[in-house]
Amino acid sequence: MIFRSILIFLSMVQAVQADPRFFRIKPNESLVLRESTSDPRFNREDTYLQKIDHFNASDRRTFRQRYFIDSSYARSPVESAPVLFTICGESTCAGATASEMVNRLAKKIGAHRVALEHRYYGYSQPFKTLESSNLIFLSTAQAIEDLASFQLHAMNNFGLRGKWIAVGGSYPGSLSAFYRLKHPELVAGSLASSAPVIAHADFDEYDHHVARVAGPVCLNAIQTAIVEIEKKLSNRSDAKAVKRQFNSELIQDDNDFLYVVADMASVAIQYGFQNQFCDALVEGMAKGKVVDAYAKVGIEMFSRFGISPIQDSFQSAESTDPNDYLGWAGMRSWMYQSCTEYGYFQVAHSNPAQAARSSRISLSYHQNVCKRLFGINQPVDVNRTNAMYYRQLFSPTVRNIYFTNGENDPWSLLSITQQNPDSSRNPGLSFFSIPGAAHCEDLGSRMSTELDHARTFFETLVSRWLSE
């Protein structure tokens, strides 16, 4: 997930710790089954022939969509055991056992673990290239119907007829909520962890949140570094030197480079490393070398996630080869979703005193990126997206969706929390804000009293959903 619009699912570490066995195949090639019991129905890694267009009955084209089933914890009779359905998102799927929270819960309730890779990410490619004309079937609506089509296939062909619970974090968390919204007959409930269910184009609140969590001293160091970097970019030789300092020599556009610089701070705040990041910057500031300190700690932040500055830049999304995105976030595909449905453009805050990024990172900059990558000239219609999904969540018939958010996570501003004025409109929705937590932390392995409370409440809800 890249740290701008792509919301990297840290807890599932899909881009960092995904099993290399899964990376040996080419797009649209079938996977070899891995059987761990005598019954291959219940333990397999394979591909499902999925429809390219669910909304055109005359279009019979299909593509191979990767899925994973692990029934190590399923209790007999396995056909009636519950299913924890992990929804994968905007990166190569790491499988059904990548979330520690899901693993613990599956063992406790005797559940199957199932995961489905998202279309246009990883190896689940409908077309050989990611040309703009090939991306027209990349949408939330198509992804939701992928989930439904595969679930029915698994129920009918593998005998997974117990109750299904959807689980997702970040964008997959939004899908988890929307899947329950659109197909309550298939899923008994869903967990939407750190799910930005509100589409929003001019998302300057993200930058303001980063600034607030960083605190005034760290923010001053960030702003000082940005001013110095912008000054260096105005001179050709200095520009080359500062990009080299950030391991960003290959990034051609200066604004793309400034976005990468901003993302280095964002990942620190979003994933709970603000102390390490800010301590380094403040120390560098005191020595008169704040840019040096920013570059060093920023590169360290990216290294934690196995990503390079060029991969984090919009320039990397210019490649139309799906193989260029294997094993990490699908930048091009996600930017298409951003430009056509969600926005999520992390722009500099309107108040410069509260901005943690360059003012050159504006809405017009993002709109130019959409034009540059896909030839899209019109602004993203977030009102249409919200009418189709977010606003429908508050229908009195919608229930059994649980939203969790870390209070330090900027993406919580687009989710359903106590602070969201809409949160009380539907008593069928549950939500939990986790003090001191970062993006998707409840799905991971870190233990704390606050995280434990959020997880325990989910287990209580699951018990209720399974008994209904």
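Contact here means heavy atoms within 4.5 Å, a cut-off worth having in hand for the views of helix α9 and isoleucine 222 below. The model shown in every panel is predicted.

**View 1. Helix α9 and the helices that cover it.** Welcome to the first close-up, where helix α9 spans residues 290–304. Its 15 residues reach 21 Å from the first C-alpha to the last, close to the 21 Å expected at 1.5 Å a residue. The buried residues of α9 are Val290, Val291, Ala293, Tyr294, Ala295, Val297, Gly298, Met301 and Phe302. What lies over them includes α5, α6 (236–245), α7, α8 (274–286) and α10 (309–312). Just after the helix, look for glycine 306, which takes a positive phi of about 65°.

**View 2. Isoleucine 222 and its contacts.** This residue sits in helix α5, which covers residues 216–233. Isoleucine 222 has a relative accessible area of 1%, so it counts as buried, the limit being under 20%. Leaving aside neighbours within four places in sequence, isoleucine 222 is in contact with Ala214, Ala265, Phe277, Leu281, Tyr294 and Ala356. One of these, Tyr294, is also among the buried residues of α9. If you would like a distance to check, the C-alpha atoms of isoleucine 222 and methionine 285 are separated by 9.3 Å, although the two are 63 residues apart along the chain.

**View 3. The largest nonpolar core.** Stepping back a little, this core has 123 residues. Those with the most contacts inside it are Val197, Ile222, Phe246, Phe277, Tyr294 and Leu393. Helix α7 (residues 254–270) gives the most to this core, with 10 residues. A second, separate core has 20 residues, including Ala111, Ala188, Ala437 and Trp465. As general background, nonpolar side chains in soluble globular proteins tend to be buried together.

**View 4. The disulfide of cysteine 218 and cysteine 278.** The two sulfur atoms of this pair are 2.2 Å apart. The link is left-handed, with -80° about the S-S bond. Cysteine 218 lies in helix α5 and cysteine 278 in helix α8, so the pair ties together parts that are 60 residues apart in sequence. Both cysteine 218 and cysteine 278 are buried.

**View 5. The other disulfides, and cysteine 440.** A search of the whole structure finds 3 disulfides, and with bonded cysteines counted along the chain they follow the pattern 1-2, 3-4, 5-6. Cysteine 88 and cysteine 93 form one of them, with 2.1 Å between their sulfur atoms, and both cysteines are buried. Another joins cysteine 339 to cysteine 370, at 2.0 Å from S to S. Its torsion about the S-S bond is about -85°, so this disulfide is left-handed. The pair links helix α11 (residues 331–342), which holds cysteine 339, to helix α12 (residues 363–374), which holds cysteine 370, across 31 residues. Both cysteine 339 and cysteine 370 are buried. Why does cysteine 440 not bond to cysteine 88? Its sulfur is 13 Å from the one in cysteine 88, the closest cysteine sulfur, and that is too far for a bond. Cysteine 440 is buried, with a relative accessible area of 0%.

**View 6. Strands β1 and β2 side by side.** In this last panel, β1 (residues 43–51) and β2 (residues 62–70) run antiparallel and are joined by 9 bridges. Strand β1 is mostly covered, with 7 of its 9 residues buried. To find your place along the pair, start from glutamine 50, which stands opposite phenylalanine 63 in β2.

How values were computed:
Residues numbered from 1 in each chain as written. Predicted model: local features only at pLDDT ≥ 70, side-chain atom pairs only at ≥ 80, totals over all residues. Heavy atoms only, no water. Buried < 20%, exposed > 50% of the residue type's maximum accessible area, 1.4 Å probe, protein only. Helix = DSSP H or I, 4+ residues; strand = E, 2+ residues; numbered from the N terminus. Pairing = 2+ DSSP bridges. Core = buried A, V, L, I, M, F, W, Y, C linked by side-chain atoms within 4.5 Å. Expected span 1.5 Å × (residues − 1). Disulfide = S-S within 2.5 Å.
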